[in-house]
Amino acid sequence: MARIVMKFGGTSMAGIERIRHVANLVKREAEAGNQVAVVVSAMAGETDRLIQFCREASLLYDPREYDVVVASGEQVTSGLLAITLQGMGLNARSYMGWQLPVRTSAAHSAALIEGIDVDALNRVFDGGGIAVIPGFQGVAADGSLATLGRGGSDTSAVALAAAMKADRCDIYTDVDGVYTTDPRIVPRARKLNVITYEEMLELASVGAKVLQTRSVGLAMREKMPLRVLSSFEDRPGTMVVSDEELEGMNMERQLITGIAYDKNEARISLLGLSDKPGTVAAIFAPLAKANVNVDMIVQSVAREGEKRDLTFTVPTAALAQSVDTLTRAKEAIGFDEIITDMNVVKVSAVGVGMRSNAGIAARMFEALADRGINILAIATSEIKVSVLIPEEYTELAVRVLHTAYGLDAETEA
């Protein structure tokens, strides 16, 4: 008998027929003698619809009330799946985040999971039952509902798997695993049978939509076996493993594992900044206090006595809040003008091969230059190179880089 967490994304839950299909997958695991907890997302498009309602109500909405609204999508699908499983003769019951409870921080719309009480789940398993849990949400110390940010159901699933000491966590999506890039843009993209936690973490952080960044980081810390599968095709999927496990598989490795892109980037430029100590701190301290995540940062060099400019990126959804925060701090910062641009995209190359091979970044820059694609900003890590480019070049850049790093699948004879 294995203890398993099964997580299903929005496309898997998009309508009653798909929910019935999910119920059959759950039933298969339960009938195999496994103890099963299921974490579900809202129906595809539902969270976007709810967010739009919040924006129409007020551009600078209260994050606490935002959480109340957007958490409702997962509550609907958890109840519907429990009803469907019950109709199949299974002992299933839904449990809201506050019923377990899933304890979180009070950072509404970006809460962190602090702990999960699994006593109720253990009682369900002891009685041969199936627990269905809405992802993406929990309860803060003051009793208010809090959500984990977009894609938070993945994190809910991994955290639950760790808390209940599950044997594995299966993430079901609309694709049959992790690919070298988005196959909708590059038809010759290859499915990866295995990927390291670290590579998956970087790919997730720079736009790969298969797994949420926090969920991968949590799985890596907890050493939780993670598998990415398709809800619609009965295929092996992709295993996410440690570096040590990968080395033990004696596999031939590419220098670059994948190319990812992220359109959820907005560029902010502050012009006419004073060239003195403390200016940068005056910019980013209030943004940090407002829980705005800043990504790529580029600062111009000023000659003596001249002013300088600073450019950085934030999530698109945080642009209005960021501009409002900076405007209120204008006197403390000391800038002449704010310029924003939402028509940008971040494109990244990721691979552990960067650690021991030179010239990876140069190959990216040359490939983009050959196609006339201008680079607006650059960011790097030990196994990642990211560039910010105009959004209109997204597909061209992804295709060019996928080929430049030799990731295209071989055509069949």
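The accessible surface of this protein comes to about 19,100 Å², and carbon and sulfur atoms account for 49% of it. Welcome to the structure, which is a predicted model. Its chain of 413 residues has 50% of them counted as buried. The points below begin with the whole protein and then visit some individual residues.

**The protein as a whole**

- The fold contains 14 helices together with 22 strands.
- With a radius of gyration of 23 Å, close to the 22 Å that the globule rule gives for 413 residues, the protein is as compact as a globular protein of that length.
- Measured out along the principal axes, the box filled by the C-alpha atoms is roughly 75 × 60 × 35 Å.
- Among contacts with a separation of 6 or more, 74% are between residues 24 or more positions apart.
- On the charge side, there are 41 positive and 53 negative side chains, and the centres of these two sets lie 2 Å apart.

**Aromatic pairs**

- How many aromatic pairs does the structure hold? There are three, and one of them is formed by Phe8 and Tyr172.
- The rings of Phe8 and Tyr172 are stacked, with 4.7 Å from centre to centre and 20° between the planes.
- Phe8 belongs to strand β1 (residues 3-8) and Tyr172 to strand β9 (residues 168-173), so this pair ties together parts that are 164 residues apart in sequence.
- Both partners are covered: Phe8 is buried with a relative accessible area of 0%, and Tyr172 counts as buried at 4% relative accessibility.
- Phe284 and Phe312 make an edge-to-face pair, at 5.2 Å centre to centre and with 70° between the planes.
- Since Phe284 sits in helix α10 (residues 279-289) and Phe312 in strand β18 (residues 308-314), the pair ties together parts that are 28 residues apart in sequence.
- Phe284 and Phe312 are both buried.

**Asp67, a buried residue in a helix**

- Look for Asp67 in helix α3, which covers residues 63-70.
- Is Asp67 buried or exposed? Asp67 is buried, as its relative accessible area is 0%, under the 20% cut-off.
- Leaving out residues up to four places away in sequence, Asp67 touches His108, Ser109, Leu145, Ala146 and Thr147.
- Asp67 and Leu148 are 81 residues apart along the chain, while their C-alpha atoms are separated by 9.1 Å.

**Thr104 and the cis peptide bond at Pro101**

- Which residues does a cis peptide bond join? The bond links Leu100 and Pro101, with omega at about 0°.
- Pro101 is in the loop that runs between β3 (92-94) and β4 (102-104).
- Thr104 is part of strand β4, and Thr104 is buried with a relative accessible area of 2%.
- Setting aside neighbours within four places in sequence, the contacts of Thr104 include Ala111, Leu112, Ile113 and Glu114.
- Gly138, Val139, Ala140 and Ala141 are also among the contacts of Thr104, as are Ala146 and Leu148.
- Ala146 therefore appears twice in this briefing, being touched by Asp67 and in contact with Thr104.

**Thr180, a buried residue in a loop**

- Where is Thr180? Thr180 lies in the loop between β10 (178-179) and β11 (191-192).
- Although in a loop, Thr180 counts as buried at 1% relative accessibility.
- Beyond residues up to four places away in sequence, Thr180 touches Ala189, Arg190 and Leu192, along with Thr257, Gly258 and Ile259.
- His402 and Leu407 are also touched by Thr180.

**Two lysines with positive phi**

- Lys165 is not a glycine, yet its phi is positive, at about 55°.
- The loop between α6 (152-163) and β9 is home to Lys165, and Lys165 is exposed with a relative accessible area of 70%.
- Lys223 also has a positive phi of about 55° without being a glycine.
- You will find Lys223 in the loop between α8 (213-222) and β13 (226-230).
- Lys223 counts as exposed at 69% relative accessibility, as this value is over the 50% cut-off.

Terms used. Residues numbered from 1 in each chain as written. Predicted model: local features only at pLDDT ≥ 70, side-chain atom pairs only at ≥ 80, totals over all residues. Heavy atoms only, no water. Helix = DSSP H or I, 4+ residues; strand = E, 2+ residues; numbered from the N terminus. Rg over C-alpha atoms; globule rule 2.2 N^0.38 Å. Buried < 20%, exposed > 50% of the residue type's maximum accessible area, 1.4 Å probe, protein only. Contact = heavy atoms within 4.5 Å. Areas by Shrake-Rupley, 256 points an atom, 1.4 Å probe, with all protein chains shown as cover. Lys, Arg positive; Asp, Glu negative; His and termini not counted. Charge placed at Lys NZ, Arg CZ, Asp CG, Glu CD. Phe/Tyr/Trp six-rings, centres within 6.5 Å; stacked < 30°, edge-to-face > 60°.
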